[in-house]
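Trainee: I have the sequence and the model open. Can you walk me through some residues and helices, one question at a time?

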Amino acid sequence: RSDVPIWSINSLGQFFLEEIGNYQKEFLDSCTAVRKATQILYHELQSVPYLSPYPSEGNFVLCKIQSKFTGPQLTKQLYDQHKIFINDCSGKKGLTDQFVRIASRTAEENVDLAQVLRSL
């Protein structure tokens, strides 16, 4: 038992762990790009009158809807009219139907999303 790893991983996970060192720069560049795109998303969402975005350290921004929509209504309208999917957080413990989670994409897509949200 002392020779068995603390956790067992599959062959894909093992391959990834063996190769990650070869891509350290690319990995760090990717992390920087995701962080920058998420900050652009947060900044853009601040200009949407009915949303109050929370600062984020992840690749998404949690927003409280101040008026006009509930989370389910906003999620449905965005998908039905623009084929944009955001996460309605009404089923999340501790949140109400006034919260949505918006995943960050590229900086350009984030700006476009905010423009659509402002137009609603």
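**Ile-9 and its surroundings**

Trainee: Leaving aside neighbours within four places in sequence, which residues is Ile-9 in contact with?
Mentor: Contact means heavy atoms within 4.5 Å. Skip the neighbours of Ile-9 within four places in sequence, and you are left with Gln-14 and Leu-17.

Trainee: What kind of model is this?
Mentor: Residues are numbered from 1 along each chain as its sequence is written, and side-chain values use heavy atoms, leaving out hydrogens and water. Local features need pLDDT of at least 70, side-chain atom pairs count only at pLDDT 80 or more, and totals for chains, interfaces and linings use all residues, for this is a predicted model.

Trainee: Is Ile-9 buried, partly exposed or exposed?
Mentor: Ile-9 lies in the segment before α1 (11-19); helices (H or I, at least four residues) and strands (E, at least two) are DSSP runs, numbered from the N terminus. Buried means under 20% relative accessible area, exposed over 50%, and partly exposed in between (1.4 Å probe, protein chains only). Ile-9 has 37% relative accessibility, so the residue counts as partly exposed.

Trainee: What separates the C-alpha atoms of Ile-9 and Arg-118?
Mentor: Along the chain, Ile-9 and Arg-118 are 109 residues apart. In space, their C-alpha atoms are separated by 45 Å.

**Helices α2 and α4**

Trainee: Are α2 and α4 roughly parallel or roughly antiparallel?
Mentor: Helix α2 (residues 24-45) and helix α4 (residues 107-119) have axes 9 Å apart and an angle of about 15 degrees. Axes are lines fitted to C-alpha atoms, for helices over the stretch in contact, and angles run from 0 to 180 degrees between N-to-C directions. Under 35 degrees counts as roughly parallel, over 145 as roughly antiparallel, 65 to 115 as roughly perpendicular, and the rest as oblique. So α2 and α4 are roughly parallel.

Trainee: How do the residues of the contact of α2 with α4 divide?
Mentor: From α2 come Ala-37, Thr-38, Ile-40, Leu-41, Glu-44 and Leu-45, and they meet Ala-107, Asn-110, Val-111, Leu-113, Ala-114, Leu-117 and Arg-118 in α4. Ala, Val, Leu, Ile, Met, Phe, Trp, Tyr, Cys and Pro count as nonpolar, Asp, Glu, Lys and Arg as charged, and the others, Gly among them, as polar. The split is nine nonpolar, two polar and two charged.

Trainee: What is the relative accessible area of Thr-38?
Mentor: Thr-38 lies in helix α2. Not counting residues up to four places away, Thr-38 touches Ser-56, Gly-58, Asn-59, Phe-60, Val-61, Ser-104 and Asn-110. Thr-38 is buried, because its relative accessible area is 1%.

Trainee: And how far apart in space are Val-34 and Phe-69?
Mentor: Val-34 is also in helix α2. In sequence, Val-34 and Phe-69 are 35 residues apart. C-alpha to C-alpha, the distance is 28 Å.

**Cysteines and backbone**

Trainee: What is the count of disulfides?
Mentor: A disulfide is a pair of cysteine sulfur atoms within 2.5 Å. The sulfur of Cys-89 has its closest cysteine sulfur in Cys-63, 9.1 Å away, so it is too far for a bond. The disulfide count is zero.

Trainee: What is the phi of Lys-68, about?
Mentor: Most residues other than glycine have a negative phi. Lys-68 lies in the loop between β2 (60-65) and α3 (71-82). Lys-68 is not a glycine, yet its phi is positive, at about 80 degrees.

Trainee: Is Lys-83 buried or exposed?
Mentor: Lys-83 sits in the loop between α3 and β3 (87-88). Its phi is positive too, near 55 degrees. With 59% relative accessibility, Lys-83 counts as exposed.
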